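Good morning, and thank you for making time for this presentation. I would ask you to keep the sequence and the structure in view while I speak.

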Amino acid sequence: MTRIITITILSAVAVFAQHGPGMMRAGQPIPSEIPSPANPFTPAKVDLGRMLYFETRLSKNQKISCNTCHPLGSYGADGKRVSTGQGGQEGNRNSPTVYNAAAHFVQFWDGRASDVEEQAKGPVLNPVEMAMPTGDSVVRVLKSIPGYVTAFQAAFPGESDPVTFDNMARAIGVFERKLTTPSRWDKFAGGDHAAITQQEMRGWMTFRHAGCTTCHNGPAIGGTSFQKLGASVAWPQPSDQGRYEVTKAEADRLMFKVPSLRNVEKTGPYFHDGRVRTVEDAVRLMGKHQLGIDLQDSDIESITAWFHTLTGPLPQEYIHPPKLPAGTAETPKPLE
């Protein structure tokens with residue numbers, strides 16, 4: 001179905017003047033950090049999590065870290081269709097950005113992890129990614145490095161044996177909860193109406209009018225639900241069955257977590273398989289397959305103009321590998 005969405009600058013401004021910030025409930029501001037009562041922030045834990053995020057010794061060949069596939073200096077995305085792991089093996093899904101991921105209701109495309117702490121364990125033990133054989137083998141490596149023993153003791157005081165696989169994941173998770181990218185859109189949401197241009201405002205209205213906020217909502221503008229890929233028009237490449245591969249429930253065929261649109265212009269290629277190179281093509285495909293409409297070029301131009309407001313500055317204090325404290329630079333023998 002072809003549908004022409006006509007949103008003039010004047011009409012966009014008029015709608016905002018009438019409804020005010022309440023119209024933005026589908027695009028709530030992202031906080032500067034995303035706390036978890038079960039894993040509270042402490043400076044020592046965040047520092048440890050940052051070290052572990054960049055730590056290649058958490059991989060079998062001691063060459064791959066979290067930052068390898070989710071480089072913080074590149075908006076948390078490596079720009080590849082799928083990432084390369086142990087022994088040059090390729091994964092089967094695109095590596096999503098880690099920025100703002102803690103705001104998602106589940107982790108991974110198929111939702112198999114409930115939070116970033118649980119997610120942090122997956123790649124370390126995945127035979128295609130970091131390929132450590134067991135959590136115990138990770139602990140043995142960490143305990144063989146005196147500086148890490150000290151850092152775990154500081155991060156988890158009072159524990160008789162703080163160097164554990166679970167605590168490794170808690171430290172990485174609490175660090176990732178600091179990785180948010182508030183943008184001009186959040187300034188606008190806070191009442192600074194000069195933070196975005198009239199063209200960008202028109203793009204937001206086009207996005208809403210098309211129905212995109214049905215799925216892309218919440219602080220991350222996504223990451224709040226599973227949706228069937230090809231809800232209106234069948235997806236052309238259905239080989240990956242999404243959440244069904246976790247649950248084996250028929251209702252979960254082709255169900256994927258809705259990705260965040262934060263920094264979307266910086267985090268291509270797109271979709272679970274990384275087969276779409278441009279954000280314009282991604283918008284066009286979503287219009288057709290999810291909404292059943294053929295978006296006009298002018299609609300796509302407007303929507304992608306609004307995407308500019310979702311790109312936030314990177315937290316410069318976190319994007320580079322930390323200087324390792326004394327006793328953490330020692331290198332154990334790689335696992336064979």
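**Overall fold and selected details**

Among contacts in the chain between residues at least 6 apart in sequence, 73% join residues at least 24 apart. I should state at the outset that this is a predicted model.

Let me begin with the chain as a whole. It contains 13 helices and 2 strands. Its radius of gyration is 21 Å, close to the 20 Å that the globule rule gives for 336 residues, so the chain is as compact as a globular protein of that length. Along the principal axes, the C-alpha atoms fill a box of roughly 65 × 45 × 30 Å. As for burial, 54% of the 336 residues count as buried.

I turn now to helix α2, residues 43-53. How many of the 11 residues of α2 are buried? The number is 8, and α2 is thus described as mostly covered. The buried residues are K45, V46, L48, G49, R50, M51, L52 and Y53. Please note that K45 and R50 are on that list. The elements against which the buried residues of α2 pack are α3, α6, α7 and α8.

Of these partners, I should like to examine α8, residues 165-176. In general terms, a pair of packed helices is described by the angle between the two axes and the distance between them. For α2 and α8, the angle is about 100° and the axes lie 7 Å apart. That makes α2 roughly perpendicular to α8. Which residues of α2 and α8 meet? From α2 come K45, V46, L48, G49, R50, L52 and Y53. From α8 come M168, R170, A171, I172, V174, F175 and E176. The residues of this contact divide into 9 nonpolar, 1 polar and 4 charged.

Helix α6, residues 135-143, belongs to the same discussion, for α2 is among the elements that cover its buried residues. Those buried residues are G135, S137, V138, V139, V141 and L142. Besides α2, their cover includes α5 (121-125), α7 (146-155) and α8.

From the helices I move to the loops. In the loop between α2 and α3 we find R57. Is R57 buried or exposed? R57 is buried, with a relative accessible area of 6%. Where does the side chain of R57 reach? It reaches the backbone oxygen of T328, at 2.5 Å.

The loop between α3 and α4 holds three residues that I wish to mention: P71, V106 and F108.

P71 has a relative accessibility of 16% and counts as buried. Leaving aside neighbours within four places in sequence, P71 is in contact with G76, A77 and D78. For a sense of distance, the C-alpha atoms of P71 and G292 are separated by 35 Å, and these two residues are 221 residues apart along the chain.

V106 counts as buried at 12% relative accessibility. Not counting residues up to four places away in sequence, V106 touches G111, A113, S114, F226 and K257. V106 and Q119 are 13 residues apart in sequence, and their C-alpha atoms are 9.0 Å apart in space.

F108 brings us to backbone geometry. As general background, most residues other than glycine have a negative phi, and most peptide bonds are trans. F108, although not a glycine, has a positive phi of about 70°. F108 counts as buried, with 19% relative accessibility; the cut-off for buried is under 20%.

What is the phi of N263? It is positive, at about 60°, although N263 is not a glycine. N263 is placed in the loop between β2 and α12. With a relative accessible area of 1%, N263 is buried.

The loop between β2 (255-257) and α12 (279-291) also holds P269. Which form does the peptide bond from G268 to P269 take? That bond is cis, with omega near 0°.

To conclude, I would leave you with three points. First, α2 and α8 pack with their axes 7 Å apart. Second, the side chain of R57 reaches the backbone oxygen of T328. Third, the loop between β2 and α12 holds N263, which has a positive phi, and P269, which follows a cis peptide bond from G268. Thank you for your attention.

Technical notes: Residues are numbered from 1 along each chain as its sequence is written. This is a predicted model: local features need pLDDT of at least 70, side-chain atom pairs count only at pLDDT 80 or more; totals for chains, interfaces and linings use all residues. Side-chain values use heavy atoms; hydrogens and water are left out. Axes are lines fitted to C-alpha atoms, for helices over the stretch in contact, and angles run from 0 to 180 degrees between N-to-C directions. Helices (H or I, at least four residues) and strands (E, at least two) are DSSP runs, numbered from the N terminus. Angles under 35 degrees count as roughly parallel, over 145 as roughly antiparallel, 65 to 115 as roughly perpendicular and the rest as oblique. Contact means heavy atoms within 4.5 Å. Ala, Val, Leu, Ile, Met, Phe, Trp, Tyr, Cys and Pro count as nonpolar, Asp, Glu, Lys and Arg as charged, and the others, Gly among them, as polar. Buried means under 20% relative accessible area, exposed over 50%, partly exposed in between (1.4 Å probe, protein chains only). A polar contact is a pair of N or O atoms within 3.5 Å; within protein, one must be able to donate a hydrogen and the other to accept it, and residues adjacent in sequence count only if both atoms are side-chain atoms. The radius of gyration is taken over C-alpha atoms; the globule rule is 2.2 Å times the number of residues to the power 0.38.
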